[in-house]
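Grab a coffee and work through these exercises with the model open beside you. Try each task before reading its solution.

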Amino acid sequence: MQAWVIGNWKQNPATLQAAKTLLADINTELKSADLAACRLMVVPSLVHVSSLQQQETAIAIGVQDISAHSAETGAFTGDCSAAQVRDAGATWVLVGHSERRQYYGEDEATLYQKIKNALSQQLGVIFCVGETKEQYDSEQTFSVLASQLTVIEQLLAESNEESLAERLIIAYEPVWAIGTGKVPTVEEVASTHTHIKAVIQGYAGAEAALGEPCVLYGGSVNAANAAQFAQADSVNGALVGGAALQADSFFAIAAAFSTAKSNS
Ligand code: PGA
């Protein structure tokens with residue numbers, strides 16, 4: 001399986017010009033290297049997507065959110081639909097990021113609706129899961145993940161999507177590792193990824209629709225620690241926040257994954 005390295009730009013940078021420069025810098029790095037075993041995606045602010053997708057790039061562009069209420073149009077002030085996102089040139093959407101769960105109270109029902117809307121408009125979905133520090137400390141990680149992943153179980157049970165393999169990515173992001181500089185050990189990440197894959201593969205219809213799920217690790221991934229995560233077979237790439245805001249560190253992470261996965 002080819003790796004994915006995805007840059008979640010969150011509410012950065014401050015201007016369209018800076019966003020264009022960042023993408024141009026990543027493009028320049030990309031031209032001078034061989035990333036045969038790694039695909040790249042950036043997930044900028046929605047307001048920058050249309051302009052960025054006009055920049056010639058082999059990098060996929062995603063968005064950070066879509067409306068749960070309607071896949072197309074409607075009276076939902078402030079929302080942007082999957083159809084509008086698709087029309088703007090993005091092809092993927094992040095769903096279930098812990099910041100959305102925490103600050104916007106997005107629950108499983110909302111997340112399920114967003115995924116359905118995304119898939120109905122041919123967008124791919126990066127579905128984020130992960131435990132808080134308290135849950136980690138009290139060894140509840142697997143039970144928290146099991147409950148968050150029921151959204152995928154429901155999707156497989158109710159959806160008539162023939163193939164999700166190219167359109168569904170899971171990102172395991174321990175909430176306590178996001179933006180903190182703290183990371184779980186590689187062994188912990190590898191075993192949690194193996195667990196996530198097994199849970200999903202246990203759902204009815206998973207084998208036919210998904211095969212082996214693509215599971216990325218996210219949370220304080222940087223140029224210095226990427227190679228160690230990349231070496232774990234069950235880690236299929238990285239979802240990167242802070243280190244994705246500089247072309248050189250984002251690119252170093254991508255190179256680490258490409259090298260590790262082409263050797264495995
Ligand atoms: P971080 O963020 O790499 O800055 O920890 C990751 C994320 O929020 O996806």
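**Exercise 1. A pair of helices**

At what angle do the axes of helix α7 and helix α9 cross, and within what distance do they come? Keep in mind that you're looking at a predicted model.

*Solution.* Start by finding the two helices: α7 covers residues 141-148, and α9 covers residues 186-201. Two packed helices are described by the angle between their axes and the distance between the axes, so those are the two values to go for. Here the axes cross at roughly 35 degrees and come within 11 Å. Next comes the handedness: α7 passes α9 in a right-handed crossing. Now pick out who does the touching. On the α7 side it's T141, F142 and L145, while α9 brings S191, T192, H195 and I196. Finally, sort these contact residues by type, and you get 3 nonpolar, 4 polar and no charged.

**Exercise 2. Around the ligand**

Work out which residues come nearest to the ligand, and which backbone atoms its oxygen atoms meet.

*Solution.* First, collect the shell: 13 residues sit around the ligand, and K10, H97, E173, G179 and S220 come nearest. Sorted by type, the shell has 4 nonpolar, 7 polar and 2 charged residues. Then go looking for polar contacts, with 3.5 Å as the cut-off between N or O atoms. A polar backbone atom of S220 is 2.7 Å from a ligand oxygen. For G241, the distance from a polar backbone atom to an oxygen of the ligand is 2.8 Å. You'll find a ligand oxygen 2.8 Å from a polar backbone atom of G242, too. Last step, the cover: on its own the ligand has 290 Å² of accessible area, and the protein covers 95% of that.

**Exercise 3. Backbone oddities in a loop**

Find what kind of peptide bond joins N12 and P13, and check the phi of K10.

*Solution.* Go to the loop between β1 (3-8) and α1 (16-31), where P13 is found. The peptide bond joining N12 and P13 is cis, with omega at about -15 degrees. K10 has its place in the loop between β1 and α1 as well. Its phi is near 50 degrees, a positive value in a residue other than glycine. And yes, you've met K10 already: it's one of the residues that come nearest to the ligand.

How values were computed:
Residues are numbered from 1 along each chain as its sequence is written. This is a predicted model: local features need pLDDT of at least 70, side-chain atom pairs count only at pLDDT 80 or more; totals for chains, interfaces and linings use all residues. Side-chain values use heavy atoms; hydrogens and water are left out. A residue is near a molecule or strand if one of its heavy atoms lies within 4 Å of it. A polar contact is a pair of N or O atoms within 3.5 Å; within protein, one must be able to donate a hydrogen and the other to accept it, and residues adjacent in sequence count only if both atoms are side-chain atoms. Accessible areas come from the Shrake-Rupley method with a 1.4 Å probe; for residues, only the protein chains shown count as cover. Ala, Val, Leu, Ile, Met, Phe, Trp, Tyr, Cys and Pro count as nonpolar, Asp, Glu, Lys and Arg as charged, and the others, Gly among them, as polar. Axes are lines fitted to C-alpha atoms, for helices over the stretch in contact, and angles run from 0 to 180 degrees between N-to-C directions. Helices (H or I, at least four residues) and strands (E, at least two) are DSSP runs, numbered from the N terminus. A crossing is left-handed if the near helix is turned anticlockwise from the far one by less than a right angle, and right-handed if clockwise. Contact means heavy atoms within 4.5 Å.
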